[in-house]
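Q: I would like to learn how to read the features of a model like this one, step by step. Could we go through it together?

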Amino acid sequence: MRIELATVSGDPERPNEDWVSVALPAVGQGGALVLLDGVTPPAGDDGCLHSVPWFTARLGGALIELSTSRRDLTLEEVLAESIRRTADAHRTTCDLSHVRTPQATVVVARWGAETVEHLVLSDSTLLLESPNGTVRPILDNRLDLLPREILSSLAATDALRNKEGGFFTAAADPSVAVRAVSGVTPRVEVRALAALSDGASRWVDMFGRGDWEDCVGVLRKENAQALIDRVRALETDGATAPLVRRWKRHDDAAVIYAEL
C-alpha cells in the first residue's frame, strides 16, 4: 500500500489551517483518511477564544479516532460525534452560536475488505479511482452554486452559512452531518483515493491544467507534494496568476493520496 500526505501553508506568516491524517489499524485490512480545510474567519469577533488550527486539530483527531475505532458507526454518525466532542471542549468558554465560530470543510474515507465509505462536506474534494483508471469525484457543490457577488459580501455569506439554501461546514452543530455527501462503493471498484483541499484542487477547478483523471495521474507518477508545487507555480506565473486575484493568491493546500 502506498500512502502520501502533503500540506503547505498559503502564507508563511500564518499557521496552516488545513489538517490531514491517515490511520491503518493493526487489527486487519482497512484504514481511514481525514482531510480538513479550516475556514479562515474575516477580521473581527467570532465568539471563540481558540484558533482555527486548534479547532481542526480537535475535530480531525476525533474523526480519525472514531472512524477507525467505531466501525459500527456510519461516517455521518462519526462526524456528528466528532463535532459534538469538539464543541464540548470549548462550550463553556466560547459562544458556539456565533455564525463564524471555528469551522472546517471535511473529507473522510474509510475502507475495509469489502467496501469503501466516503463523506464530503463543503468544498474539499475526494477522488475515487477505479481499476480501469476512470476517476469519480465526490463533491459537495453547494458553495459553487451561490452567485459570486453574494460571496463577496461578508454579511450575505454569513446569512447563508450553515443555512438551508446556502452551504454547510462542520462547526458546532452535530446535525450538520446529515448534510454531507456520503456513500459506499465496493472495494473492488476502487484502486486509489485522493483527498484535496481547495488550495490543491485549484490545479483542476481554477487553472484547468487537467481533469480529475489527470490529477490522479500526477499523484501516481510523482507525489502529493508535486501537485501542490504545480499549483504554487501557477499562482505566481504571469499568465495564470490573474485567475486568483479575486481570491487568496496562495491558499493553504493539502493532499492525501492512497493506493489501496
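**Reading cores, helices and cysteines**

Q: Before cores and contacts, where is Ser201 found?
A: Keep in mind that this is a predicted model. In it, Ser201 is found in helix 5, which spans residues 198-205. Ser201 counts as buried because its relative accessibility is 1%, and, leaving aside neighbours within four places in sequence, Ser201 is in contact with Thr125, Leu196, Met206 and Trp212.

Q: Which residues touch the most other members of the largest nonpolar core?
A: The general idea is that, in soluble globular proteins, nonpolar side chains tend to be buried together. Here the largest nonpolar core has 27 residues, and those touching the most other members are Leu36, Leu63, Leu79, Val106 and Leu121. At least two residues of this core come from each of strand 2 (18-23), strand 3 (31-38), helix 1 (52-69), helix 2 (75-88), strand 4 (104-111) and strand 5 (115-121), while the largest share, 6 residues, is supplied by helix 1. Apart from this core lies another, of 23 residues, including Val135, Ala194, Ile228 and Tyr257.

Q: What is Leu36 in contact with, leaving aside its neighbours within four places in sequence?
A: The contacts of Leu36 are Glu17, Asp18, Trp19, Thr56, Leu59, Gly60, Leu63, Ala104, Thr105 and Val106.

Q: Is Leu128 buried or exposed, and which residues does Leu128 touch?
A: Leu128, found in strand 6 (residues 125-129), is buried, with a relative accessible area of 5%. Not counting residues up to four places away in sequence, Leu128 touches His118, Thr134, Val135, Arg136, Ile138, Thr185, Ala192 and Leu193. The C-alpha atoms of Leu128 and Ala194 are separated by 6.8 Å, although these residues are 66 residues apart along the chain.

Q: How should I read a helix, and where do the buried residues of helix 6 fall?
A: An α-helix has 3.6 residues a turn, so residues three or four places apart point the same way. In helix 6 (residues 212-221), the residues Trp212, Cys215, Val216, Val218 and Leu219 are buried. Seen down the axis of helix 6, these buried residues fall within an arc of 150°, so they line one face of the helix. At the N-terminal end, helix 6 is capped by Asp211, a side-chain oxygen of which lies 3.1 Å from the backbone nitrogen of Glu213.

Q: What do the buried residues of helix 7 pack against?
A: In helix 7 (residues 224-236), the buried residues include Ala224, Leu227, Ile228, Val231, Arg232 and Glu235, and the buried residues of this helix pack against strand 1 (2-8), strand 9 (192-196), helix 5, helix 6 and strand 10 (253-259). The N-terminal end of helix 7 is capped by Asn223, with a side-chain oxygen 3.2 Å from the backbone nitrogen of Gln225.

Q: Is Glu81 in helix 2 buried or exposed?
A: Neither word applies, because Glu81, with a relative accessible area of 26%, is partly exposed. Glu81 and Glu65 are 16 residues apart in sequence and 11 Å apart in space, C-alpha to C-alpha.

Q: How many disulfides does the count come to, and why is Cys48 not bonded to Cys94?
A: The rule is that the two cysteine sulfur atoms must lie within 2.5 Å, and by this rule the count comes to 0 disulfides. The closest cysteine sulfur to that of Cys48 is in Cys94, at 3.5 Å, and is therefore too far for a bond. Cys48 is buried, with a relative accessible area of 13%, and Cys215 also counts as buried, at 1% relative accessibility.

Technical notes: Residues are numbered from 1 along each chain as its sequence is written. This is a predicted model: local features need pLDDT of at least 70, side-chain atom pairs count only at pLDDT 80 or more; totals for chains, interfaces and linings use all residues. Side-chain values use heavy atoms; hydrogens and water are left out. A nonpolar core is a set of buried Ala, Val, Leu, Ile, Met, Phe, Trp, Tyr and Cys residues joined through side-chain atoms within 4.5 Å. Buried means under 20% relative accessible area, exposed over 50%, partly exposed in between (1.4 Å probe, protein chains only). Helices (H or I, at least four residues) and strands (E, at least two) are DSSP runs, numbered from the N terminus. Contact means heavy atoms within 4.5 Å. The arc is that of the directions from the helix axis to the C-beta atoms. A polar contact is a pair of N or O atoms within 3.5 Å; within protein, one must be able to donate a hydrogen and the other to accept it, and residues adjacent in sequence count only if both atoms are side-chain atoms.
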